[in-house]
Amino acid sequence: MTERIYQLRESEYNELFEKAKLNDKEIKELAEKYYQERGIFKITIETSIKLKNGDTYQCDRAVFDVNSYCFENGLCRQDSFTPLLSENDRRRVNQMVTKICKDTFKEYYGDVIKCRNKISKMLSTLQYFKFILYMIAFSGWGVATAVILYHFLFSK
């Protein structure tokens with residue numbers, strides 16, 4: 001590796017010297033200014049159709065669930081930069097995104113969730129009647145078995 005010698009004009013040297021003289025406070029101010037000019041926002045949206053009571057029972061009611069998270073340049077609380085959006089503004093953005101997602105889902109698919117919940121309620125009612133009919137059938141077989149046993153055991 002060879003060393004090179006560069007010649008600068010005095011104005012160029014003074015300009016570089018002034019830039020090198022910046023202290024920590026000025027560096028942070030310039031960095032924050034740059035951050036505010038070129039900050040990046042990220043919104044993560046997770047949507048799903050969830051069952052209210054978990055997925056243990058097939059006739060549970062369902063809801064359309066939206067989770068949105070608003071990030072700002074990966075900004076964490078311990079950073080010394082002041083955030084561009086306050087916590088209240090972030091909550092408002094999250095609520096707005098959630099509302100837009102739910103409205104879009106309803107616009108595209110209508111009341112699918114309401115229809116699914118209605119069918120689910122009918123299926124649970126049907127299962128209840130099915131249980132009652134099974135009990136009637138089993139009690140009928142029990143009575144038939146008792147009559148046959150009574151006839152064979154006590155008819156002599």
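**Figure 1. F138 and the nonpolar surface patch.** F138 has its place in helix 4 of this model, which is predicted rather than determined by experiment. With a relative accessible area of 55%, F138 counts as exposed, because the cut-off for that class is over 50%. F138 is one of the residues that make a nonpolar surface patch of about 990 Å². The other contributors to this patch are Y128, F129, F131, I132, L133, Y134, M135 and I136.

**Figure 2. Helix 4 from end to end.** Helix 4 covers residues 112–154, and its 43 residues should span 63 Å at 1.5 Å a residue. The C-alpha atoms at its two ends lie 62 Å apart in the model, which agrees with that expectation. Which residues of helix 4 are buried? Among them are I113, N117 and S120, whereas F138, which also has its place in helix 4, is exposed at 55% relative accessibility. Confidence in the protein is highest in helix 4, with a mean pLDDT of 86.

**Figure 3. The aromatic pair of Y13 and F17 in helix 1.** A search of the whole structure finds 4 aromatic pairs. In the pair formed by Y13 and F17, the ring centres are 6.3 Å apart and the planes make an angle of 20 degrees, so that the pair counts as stacked, the limit for this class being under 30 degrees. Both residues belong to helix 1 (residues 10–20), where a spacing of 4 residues separates Y13 and F17 by about one helical turn. Y13 is partly exposed, at 47% relative accessibility, and F17 is likewise partly exposed, with a relative accessible area of 41%.

**Figure 4. The salt bridge between E12 and R9.** The structure holds 3 salt bridges, and one of them joins E12 to R9, with the closest N and O atoms 3.8 Å apart. This distance satisfies the criterion for a salt bridge because the cut-off is within 4 Å. E12 is partly exposed, having a relative accessible area of 34%, while R9 counts as exposed at 61%.

**Figure 5. Two salt bridges along helix 3.** Helix 3 comprises residues 87–109 and contains both R92 and D89, which lie 3 residues apart, about one turn of the helix. The side chains of R92 and D89 meet in a salt bridge with an N to O distance of 3.4 Å. Of these partners, R92 is exposed, with a relative accessible area of 58%, and D89 is partly exposed, at 28%. Helix 3 also contains D103 and K99, 4 residues apart and again about one turn of the helix. D103 and K99 form a salt bridge in which the closest N and O atoms are 3.1 Å apart. Here D103 is partly exposed, with a relative accessible area of 41%, and K99 is exposed, with 54%.

**Figure 6. The whole chain and its confidence.** The protein has 4 helices and 2 strands, and these follow the pattern α-α-β-β-α-α when read along the sequence. Of its 156 residues, 13% count as buried. The average pLDDT of the protein is 76, and 74% of the residues score at least 70. Where is confidence lowest? The minimum is found in strand 2 (residues 62–72), with a mean of 69, in contrast to helix 4, where the mean of 86 is the highest.

Definitions and conventions. Residues numbered from 1 in each chain as written. Predicted model: local features only at pLDDT ≥ 70, side-chain atom pairs only at ≥ 80, totals over all residues. Heavy atoms only, no water. Expected span 1.5 Å × (residues − 1). Buried < 20%, exposed > 50% of the residue type's maximum accessible area, 1.4 Å probe, protein only. Phe/Tyr/Trp six-rings, centres within 6.5 Å; stacked < 30°, edge-to-face > 60°. Patch = residues over 30% accessible without salt bridge, like charges linked within 9 Å, V, L, I, M, F, W, Y side chains within 5 Å. Areas by Shrake-Rupley, 256 points an atom, 1.4 Å probe, with all protein chains shown as cover. pLDDT = per-residue confidence, 0-100.
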